[in-house]
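Q: I am new to this structure and would like a close look at one part of it. Could you take me through the open sheet of chain C and the backbone features around it?

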Amino acid sequence: MGSVYALLGIGFSLSWGVMKVINISHAAFGLIAAFLAYTLLQAWGLDPILSIAVSVPLLFFAACFIYRFLITPITQAKEVIVSSMILTFGIAIILENLMLLIWSPDPRVLTTSYTSKVIIVGPFYFQYPRLAGFLMASMGVGIIQFFLKLTYTGKAVRAAWQQPDAAQLYGVNLKRISMITFGLAVASAGAGGVCMAYLYSFEPHTHSLWLIYLFLVVIVGGVGNVLGAASAGLIIGVITGLSLAFLPYQWVNLLTFGLLMIILILRPQGLFQSEV
Amino acid sequence: MVSSSNRLVFGVSILLFLCLAIFPWFGLPVYFVSLLFTVFMFVTLATSWNLIGGYAGYLSFGHVAFFGIGAYTTALMMKGLHLSPFWTILSSIPAGFVAMLIAMIVGYPCLRLRGPYFAVVTLCFAFVVDLGIKNLDILGGPEGLWLKSPDLPIETIRAILFEAMLVTMMLSIMLAYWTSRSKFGAGLRAIKEDEEVAQTMAINAPRLKIQAFALSAFFPGMAGGIYAYYLTYIHTDIVFDMMISILIVLMALFGGGGTVMGPVIGAVLLTLINEGLSTFVKAEFARIIYGCLFIGVIIFLPNGIMEFFKKEHRVESGISLAENGGNRSAA
Amino acid sequence: MIQNVIKKALLLTLAICVALIIAHPAYAEDKPIVIGGSLPLTGKFAETAKWIEKGMKFWADEVNAKGGILGRKVEFIIYDDESDAKKAVTFAEKAITVDKVDLLFGGYPGTAARAVMPVAEKHKYVYVSMGGHMKSFQQGYTYSFGGPPLMGEWWYEGFFQYMKAMPADQRPKRAAVYTMNNPIGASASSTLAGWLQKLGIEMVINEKYNLPLPDATPLIVKSKQMNTDILFSNGFFADGVMTLRAAKALDYRPKVIVQAIGSVIPAWVKELGKDGDYIFSGTALHNKLNYPGNDKLNAYIKKKFGLPGYPVYFGFGYAWMQTLSQGVEGAKSLDQTKIRDWLKSNTVNNIAGPMSFDEKGLPAPINFCTQIINGQVELIWPKEVRTAEPVYPRPAWK
């Protein structure tokens with residue numbers, strides 16, 4: 001579960017870190033990818049993993065479009081964070097209700113041939129969909145790390161993040177880089193959304209739930225820190241798994257949130273220093 | 001100049017207060033009283049949130065916790081002490097103090113966090129309180145609490161609650177007004193600009209932040225207490241609804257954070273427009289229009305609606321919150 | 001500057017208030033009978049609410065085709081409360097005091113109904129709805145009716161009657177109970193302990209969980225380790241699906257799996273297919289019950305939505321309106337107190353069967369037990385309404 005939230009959260013973290021845009025509609029984009037995967041699976045039996053090939057480019061272009069026409073005007077605001085939050089909250093509402101119109105409010109479940117397979121390693125049980133989600137998420141996180149560290153564009157993104165002015169001096173086209181980052185961020189939400197759909201049932205409203213969790217994972221891990229988000233996700237997963245053995249299940253969620261609070265108080269910059 | 005503007009503000013507020021105060025006694029349908037009651041509630045919440053979120057730049061996403069704590073304190077006091085209706089309304093004042101006390105306890109460690117980390121820690125705090133009450137049967141547990149409604153006609157009950165909420169709202173706006181012109185407010189603004197610099201200017205930042213946080217929790221607690229009495233059925237899903245937290249933040253920022261009138265305008269506009277949309281437009285389309293409204297307004301007024309009123313008085317551009325957080329953590 | 005701000009703000013507010021008041025459509029008298037209220041048409045509970053709305057609308061079309069109630073056509077004002085109980089309260093007040101509706105219709109879910117019931121009582125409006133489970137009917141409200149209610153406390157009554165009729169040595173022995181921590185979960189599980197003891201079933205696990213359920217695997221691992229052979233999953237759809245999938249993945253084979261209300265929506269059968277089979281649950285009404293009206297509803301649903309029978313919530317929406325309209329016709333008036341008194345002293349016939357209400361506004365406990373067999377929700381108990389033989393014990397996973 002943790003790694004999947006991490007994949008869903010990376011993009012959120014990227015756009016926050018690079019552009020100071022808090023994208024409230026992030027999870028809603030992920031949910032669109034989940035619905036697309038569902039529709040493709042139902043109509044042509046296309047495996048959800050393959051559906052990513054369709055939804056990721058689609059979301060990338062949609063995001064670039066949104067960046068160009070909606071986010072550019074607010075980058076001059078006094079506090080971009082604040083304005084972007086309001087803007088993307090609006091986008092999230094619109095997306096949710098568009099989904100409601102297109103796909104109806106019925107809850108959906110992704111069912112594939114390997115849905116109910118399981119691997120047992122010692123005392124641990126791993127369900128196939130969870131494993132698939134984990135692997136896909138790790139791959140996604142890996143690809144993004146690779147992109148950021150080793151490609152020219154990725155390096156420019158990191159530079160823009162750390163020293164926007166200096167980066168511009170060195171000939172980095174900030175506008176273009178920002179647009180690509182935002183596109184990538186939203187596209188990664190698409191991949192994350194499909195992973196989530198492996199684990200949970202979803203309906204148009206579900207994105208707000210995902211958003212809260214990915215917010216937690218991203219921040220506790222350290223804003224903009226990809227590996228941090230992955231570790232924070234894993235920690236939440238481990239807390240949930242272990243606590244059942246020691247205390248009544250109804251206290252699990254409370255314990256999770258309580259521990260996250262304590263972690264943050266002890267480490268005010270998140271688990272890991274935020275750096276790309 | 002200042003004093004004449006002061007006098008005008010006072011005059012207008014008192015006039016407005018009186019106009020609003022007699023509103024429920026005109027025999028209009030109870031719904032309008034309830035609607036305005038809700039508007040006042042959100043104005044109170046957004047204005048109070050603005051103290052810590054708008055002035056000091058600490059975005060608290062857990063303010064619903066104080067609202068809920070107020071509601072539950074009142075409900076439990078009423079149940080435990082068998083209060084009469086009159087005392088119940090007054091019991092929202094101790095409810096406010098309970099919220100304030102909890103804010104101080106929680107604020108002490110949490111206010112050391114900055115930017116997004118503070119936002120998340122308050123979010124977690126709201127969940128912890130919510131789940132704690134849900135899991136403890138003595139506090140109502142998953143079933144919630146029922147309050148006894150007094151044997152008065154509904155119009156009277158609504159009118160009394162309306163007045164109570166109106167007074168709460170007026171007090172919270174007065175506090176905001178005072179803050180905006182006091183040293184206290186200036187200190188908070190300095191913290192928002194740059195906390196380190198503020199520290200060197202002999203501003204006791206930790207103390208100011210705690211004070212602001214505690215004050216910003218007091219009125220939500222009171223509002224929660226009054227609201228508990230309005231609803232007569234209290235459940236964690238209702239009074240700890242995360243949507244309230246998000247709405248408060250959006251209302252304040254939509255209107256314009258760090259200003260006195262911004263949260264008021266934001267809360268009034270968003271509540272009324274949403275209500276109007278639900279009334280006249282089919283469900284999904286109403287939501288879509290509501291979403292477009294956010295986008296439309298923010299593209300043209302990226303700093304909130306207040307900008308529209310004071311276009312000519314451009315405020316000095318501050319360093320944005322995240323830039324602060326980001327730079328510091330990168331350093 | 002501040003004066004300027006205040007002035008502009010005041011004007012804006014005033015304009016909006018005025019627009020809201022003026023623009024409101026006024027209803028002329030002795031036109032149609034207006035029935036108002038709110039449903040969560042968007043947000044968390046949209047799925048269920050849409051079915052309730054369809055049920056109500058179907059009822060209205062049917063009534064209007066026959067000339068209406070008391071010779072007047074009926075018409076709805078349905079507000080969207082965005083799955084927010086606070087909004088449900090304001091909209092109920094709006095319907096009553098601004099729209100001056102003739103009748104109030106029932107809301108969903110239980111938390112909203114719990115919050116609206118005191119409002120209906122204060123305004124003296126008859127409120128026929130699912131109610132908010134037993135506790136809400138014990139608050140002394142006189143205008144609220146569960147006609148029929150969605151009563152967590154009664155939900156498993158039929159199932160346990162069925163278990164009771166089974167020879168003791170064939171019954172399951174050890175129970176695992178997992179309950180979501182909310183009103184419906186609490187009400188549904190409140191009767192479990194007593195019944196299990198009566199039936200000689202040991203309650204080995206009794207855990208609650210808070211929504212959203214992060215992962216169901218630990219629950220099933222524990223049930224398996226403790227060798228439980230009957231699983232109660234008192235949850236909604238999302239957590240119910242997770243529990244069921246985890247059970248299949250870990251090849252946990254209890255004799256019985258019982259689901260609270262997650263399995264009553266059409267999505268359960270549609271999305272889970274074969275895996276969703278053999279789940280036991282309860283209901284207050286059912287499309288295969290032999291009461292007048294059910295065939296008609298089924299035919300409509302089949303034609304319009306391609307489902308084999310009407311979904312439970314479609315039935316609820318329809319049945320609540322039936323109860324309310326029979327109250328109006330019986331009282332021969334739209335006077336709320338007269339309707340209430342008529343309903344309290346007469347018997348109503350709706351698609352859930354004949355029911356007469358006690359002083360709490362409740363009919364006699366309804367106890368149907370259902371099981372999903374081959375993608376169909378079949379009635380199992382009481383025996384006289386049985387539509388299919390129950391599958392017990394549960395076959396292995398496929």
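A: Happily; here is a walk through that sheet, followed by a short look at the other chains. Please keep in mind that this is a predicted model.

Let us start with the sheet itself. In chain C, seven strands form an open sheet in the order E7-E6-E8-E9-E10-E13-E14, and their pairing is mixed. In general, the strands of a sheet pair through backbone hydrogen bonds, either parallel or antiparallel. The two edges here are strand E7 (202–209) and strand E14 (376–381) of chain C, each of which pairs on one side only. On average, and with direction ignored, neighbouring strands of this sheet are turned by 25° against each other.

Now zoom in on the edge formed by E14(C). Strand E13 (residues 368–373) of chain C runs antiparallel to E14(C), and five bridges join the two. One of the residues to look for is C:Ile373, whose bridge partner in E14(C) is C:Gln376. If you follow the chain past E14, you come to C:Pro382, in the segment after that strand. A cis peptide bond joins C:Trp381 and C:Pro382, with omega about 0°. As background, most residues other than glycine have a negative phi, and most peptide bonds are trans.

Chain C has another cis peptide bond, between C:Tyr108 and C:Pro109, where omega is about -10°. To find C:Pro109, look in the loop between strand E3 (103–105) and helix H4 (110–123) of chain C.

Next, go to the stretch that leads into strand E8 of the sheet. Helix H9 (residues 217–225) of chain C has these buried residues: C:Thr217, C:Pro218, C:Leu219, C:Ile220 and C:Ser223. After H9(C) comes C:Asn227, placed in the loop between H9 and strand E8 (230–234) of chain C. C:Asn227 is not a glycine, yet its phi is positive, about 55°. With 11 other C-beta atoms within 10 Å, C:Asn227 is exposed.

C:Glu82 makes a good partner for comparison. C:Glu82 is not a glycine either, and has a positive phi of about 55°. This residue lies in the loop between strand E2 (74–80) and helix H3 (85–97) of chain C. C:Glu82 counts as buried because there are 24 C-beta neighbours inside 10 Å.

Finally, a look at the other chains. In chain A, helix H2 (residues 26–44) and helix H4 (residues 80–103) pack at an angle of about 20°, their axes 9 Å apart. H2(A) and H4(A) are therefore roughly parallel to each other, and H2(A) passes H4(A) in a left-handed crossing. A:Ala28, A:Leu31, A:Ile32 and A:Phe35 of H2(A) meet A:Ala92, A:Leu95, A:Glu96, A:Met99 and A:Trp103 of H4(A). By class, that contact has eight nonpolar, no polar and one charged residues.

Chain A also touches chain B: 43 residues of chain B are in contact with 47 residues of chain A. On the side of chain B that touches chain A, H6(B) gives the most, with 12 residues. That side of chain B has 29 nonpolar, 10 polar and four charged residues.

Key
Residues are numbered from 1 along each chain as its sequence is written. Chains are lettered from A and ligands numbered from 1 in the order in which they are written. This is a predicted model: local features need pLDDT of at least 70, side-chain atom pairs count only at pLDDT 80 or more; totals for chains, interfaces and linings use all residues. A residue is buried if 20 or more other C-beta atoms lie within 10 Å of its own, exposed if 12 or fewer, and partly exposed in between; C-beta atoms are placed from the backbone. Helices (H or I, at least four residues) and strands (E, at least two) are DSSP runs, numbered from the N terminus. Two residues are in contact if their C-beta atoms, placed from the backbone, lie within 7 Å. Ala, Val, Leu, Ile, Met, Phe, Trp, Tyr, Cys and Pro count as nonpolar, Asp, Glu, Lys and Arg as charged, and the others, Gly among them, as polar. Axes are lines fitted to C-alpha atoms, for helices over the stretch in contact, and angles run from 0 to 180 degrees between N-to-C directions. Angles under 35 degrees count as roughly parallel, over 145 as roughly antiparallel, 65 to 115 as roughly perpendicular and the rest as oblique. A crossing is left-handed if the near helix is turned anticlockwise from the far one by less than a right angle, and right-handed if clockwise. Two strands pair if DSSP finds at least two bridges between them.
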